[in-house]
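Biologist: Could you take me through one part of this predicted model in close detail? I would like to follow a single strand together with the strands it pairs with.

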Amino acid sequence: MITFKKIFLIFCILIFMLTSLSGCYDARGIEDLAYVTALGIDINDDNVLSLTFQISIPGTSSESGSSQSSKTENTTVQCSSIDSGISLINSYISKQINLSHCKVIVFSEKIASKGLNKYIDTLSNNVEIRPDCNIIISRCPAKDFIENATPSIETLTARYYEVALKSSEYTGYTTSTELATFVNDVKNSFTQAVAILGGINTGDAELTEEPYVGIDGSYKANESPIDDVNSVETFGTAVFRDDKLVGELTGLETICFLLIYDKIEICTISIPSPFKPDSEIDLSIRKSKQPRINVELVNGTPYICVNLFLEAHGLTLNESVDYTSINDVGMLEDSAEQYLKIQITDFLYKTSKEFDSDICGFGKYALSKYLTWKDWEDSKWTDNYKNSFFNVNVNVSVISGSEFDKSP
Amino acid sequence: MNTEKIGYVEAIALITIVMINKIILNTPKDIIANTGSASWLNVIYISVISIIVVCFVTYLLRRFPGNDILDISEYLGGKTLKAIIGLAYIILLLMLTTSIIKNLSETLRIIYFRTSPILYITLFFIVSSIICNRFPLKVIAKANLIIAPIIFFSVIIILASSIKNFMPQRIFPILGYGVNETFFSGLSNIFSFSGILYLLFLPPLLHNPDKLKRLSVVAVIISAIYLFLSVTCLLLSLSFTMHSDESFSLYVLTRNLEYGRFIQRVDAVFILVWIIAIISYINIPVSLCIYIFKKLTNISDPNSINYSINLLILAVSIIPIEYAIFTNIVSKAVQYSFFVLFFLISIPILVIANLKLNFKNKPRKEQYRNLDNAQKA
């Protein structure tokens with residue numbers, strides 16, 4: 001009897017191991033899937049959708065120690081919808097398209113200006129696409145952007161997108177916009193959406209040897225004077241009203257936006273030197289306190305007060321600058337405050353008068369003035385934003401120089 | 001040691017897990033959809049109401065120590081009323097369990113098992129329910145006690161991790177869709193605390209029925225805190241949940257979580273924890289159904305009923321009906337049935353039974369009083 005029990009137990013264990021350790025008959029492994037790292041969405045003149053997939057080709061073990069690869073294959077398909085395009089590609093390539101590693105979704109300016117609602121709804125409905133997938137608005141066709149998006153100093157394509165788009169944290173020249181945030185902002189009634197502005201560096205921008213004030217940040221994507229032809233760049237911000245692209249911000253305007261939106265870690269700005277005419281001083285700035293924003297409604301017109309508190313470290317060092325002198329530091333602070341106040345005020349009036357788009361989300365500060373959603377909707381904040389008046393105050397504390405406080 | 005009765009902490013875990021599973025299964029989203037930015041206010045309001053209701057119900061039950069709603073119904077209206085109430089509760093619990101299994105199976109199919117037949121996914125829950133319900137409620141309560149803290153922590157981790165996405169201004173406008181939606185029609189959100197109906201069956205199952213009030217209030221307070229945190233987190237993190245109709249709102253939160261560059265896409269871990277939690281939870285209504293049936297029919301072996309009930313749930317769960325129709329009809333039906341059965345039938349039964357008891361005891365009280373007076377004289 002004991003022997004029978006033992007045999008029965010062993011039999012059960014064997015059956016359990018055979019069924020549980022052998023895997024499912026319909027399991028899908030990595031070799032069955034084509035992982036898309038970037039998805040480009042464009043529209044042609046006949047309103048036909050053009051989807052471009054950048055598919056990662058996994059390296060063999062002899063090529064690298066990782067299954068990831070810098071090798072990519074770009075495939076474009078003309079289709080009527082995103083999902084039908086994916087089905088068409090699935091019938092064409094040998095593997096099944098999988099979007100779970102998609103790092104960026106690139107929309108062309110053309111499609112973005114027509115409205116993205118139906119595309120972002122479809123994308124956010126897709127469980128494979130992660131909410132942290134970045135949204136780029138390309139100033140060139142999405143297909144060209146993706147074809148030129150090849151990593152030069154990064155070996156892995158997916159990581160290239162991951163790292164490249166994080167540069168906004170330490171440059172402030174563009175903003176990191178994830179799908180979840182973008183959808184949220186498009187659907188909200190108290191803020192408007194923004195996205196990363198991308199383009200291809202054509203090398204046409206003229207480099208000049210003359211120094212000039214504030215110019216370094218006044219570019220947009222595909223305008224920057226970097227001597228690297230046909231590489232993609234993300235610079236500036238695409239501005240939306242509802243789901244439609246209405247304008248673009250330069251690098252410096254993006255810094256202003258991020259300072260108000262409290263989304264910047266650190267950035268470098270060039271301000272006019274108070275010590276030497278026609279020269280500039282570079283400051284590394286970061287926030288010292290949370291921005292203080294107050295929205296009042298004066299006779300139904302929004303009156304918006306923005307108070308920014310920044311600390312700066314001087315990066316420029318020459319004979320004319322002495323960061324140990326209280327007088328010099330005071331002059332530098334005044335100059336920085338004046339410069340930033342003008343830039344931020346100009347930026348805010350640009351968003352209200354030119355774009356009519358509350359990208360800084362001032363509406364959320366006005367929400368508390370209303371008791372119910374009906375009151376809020378009746379106030380028509382998004383339409384009223386263009387009538388806004390701004391009062392900007394910037395407080396800059398120059399802490400020190402960098403390695404030295406004055407020229408050695 | 002009594003192997004059938006459940007202890008104080010086990011009972012708290014039992015009631016709390018019912019309510020916390022409702023949090024996982026989209027209750028916060030429903031509350032936000034009904035009351036908008038005032039949902040946090042609504043949760044505080046319905047929590048206070050629930051505590052008052054619980055205190056009232058336990059006060060009414062106190063007069064019948066060790067008796068549940070079935071015994072009290074029998075006392076009030078005989079075996080007929082007992083059978084009607086018992087059957088009504090069995091139907092409600094079956095509908096509740098079916099809607100949960102259907103909801104979860106469909107969600108799992110959408111998220112992970114696109115090509116798998118719904119029967120396989122549903123069977124997974126049904127088989128576990130059949131196995132667990134072969135054991136007495138004491139065992140289920142003990143197992144539940146192990147799983148409850150894991151679920152508590154999983155919810156807390158999600159809530160703590162989503163702080164970075166918070167926008168505090170989303171709590172405004174403070175009255176949301178209006179006073180009526182927040183405080184009057186918003187009262188229907190008390191369904192989030194539907195776990196309180198289990199209180200009606202707890203007294204005979206408790207080691208110490210005297211602690212019923214205390215454990216009920218503690219369970220409701222714990223659940224209220226969790227509900228408040230979940231609703232607030234969803235409200236502050238994702239404003240579009242008010243407009244969309246995703247089937248698993250906490251899952252949407254988990255998809256946004258990442259801990260540095262190395263720990264990303266942790267949603268699968270939470271889904272695993274929730275599957276275990278929901279398996280643990282399903283056992284409770286099924287076990288209660290078996291308990292009621294056993295009490296109504298006096299059967300000696302409840303195992304056959306265990307199979308029948310679970311297979312009935314399976315059969316209803318896999319009816320090829322559109323998910324949207326199912327959600328709208330069955331979920332609403334469960335909600336209305338709960339209100340009718342709990343508030344309009346069970347509580348009045350308890351009140352009338354108490355009055356009857358008072359009335360019956362009155363002559364005896366008068367006798368005692370007369371006797372006292374006579375002795376004093």
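Modeller: Happy to! Strand β11 of chain A, residues 280-287, pairs with β13(A) in the antiparallel sense, and 5 bridges hold the pairing. Within that pairing, A:Leu283 sits opposite A:Gly314 of β13(A).

β13(A) also pairs with strand β12 of chain A, residues 292-298; these two run antiparallel and are joined by 7 bridges. Here A:Arg292 stands opposite A:Asn307 in β13(A). β12(A) and β13(A) form a hairpin with 2 residues between the strands, and A:Asn299 in that hairpin adopts a positive phi near 50°.

The pairing with strand β14 of chain A, residues 389-400, has the parallel sense and spans 11 bridges. One pair to look for is A:Phe309 of β13(A) with its bridge partner A:Asn395 in β14(A).

Now for the side chains. In a regular strand they alternate between the two faces of the sheet. β13 of chain A, residues 301-314, shows this alternation: A:Pro302, A:Ile304, A:Val306, A:Leu308, A:Leu310, A:Ala312 and A:Gly314 point to one face and are buried. A:Thr301, A:Tyr303, A:Cys305, A:Asn307, A:Phe309, A:Glu311 and A:His313 point to the other face and are not buried. Going back to the pairs, A:Gly314, which stands opposite A:Leu283, belongs to the buried set, while A:Asn307, opposite A:Arg292, and A:Phe309, the partner of A:Asn395, belong to the set that is not buried.

Notes: Residues numbered from 1 in each chain as written. Chains lettered and ligands numbered in written order. Predicted model: local features only at pLDDT ≥ 70, side-chain atom pairs only at ≥ 80, totals over all residues. Buried ≥ 20, exposed ≤ 12 C-beta atoms within 10 Å, placed from the backbone. Helix = DSSP H or I, 4+ residues; strand = E, 2+ residues; numbered from the N terminus. Pairing = 2+ DSSP bridges.
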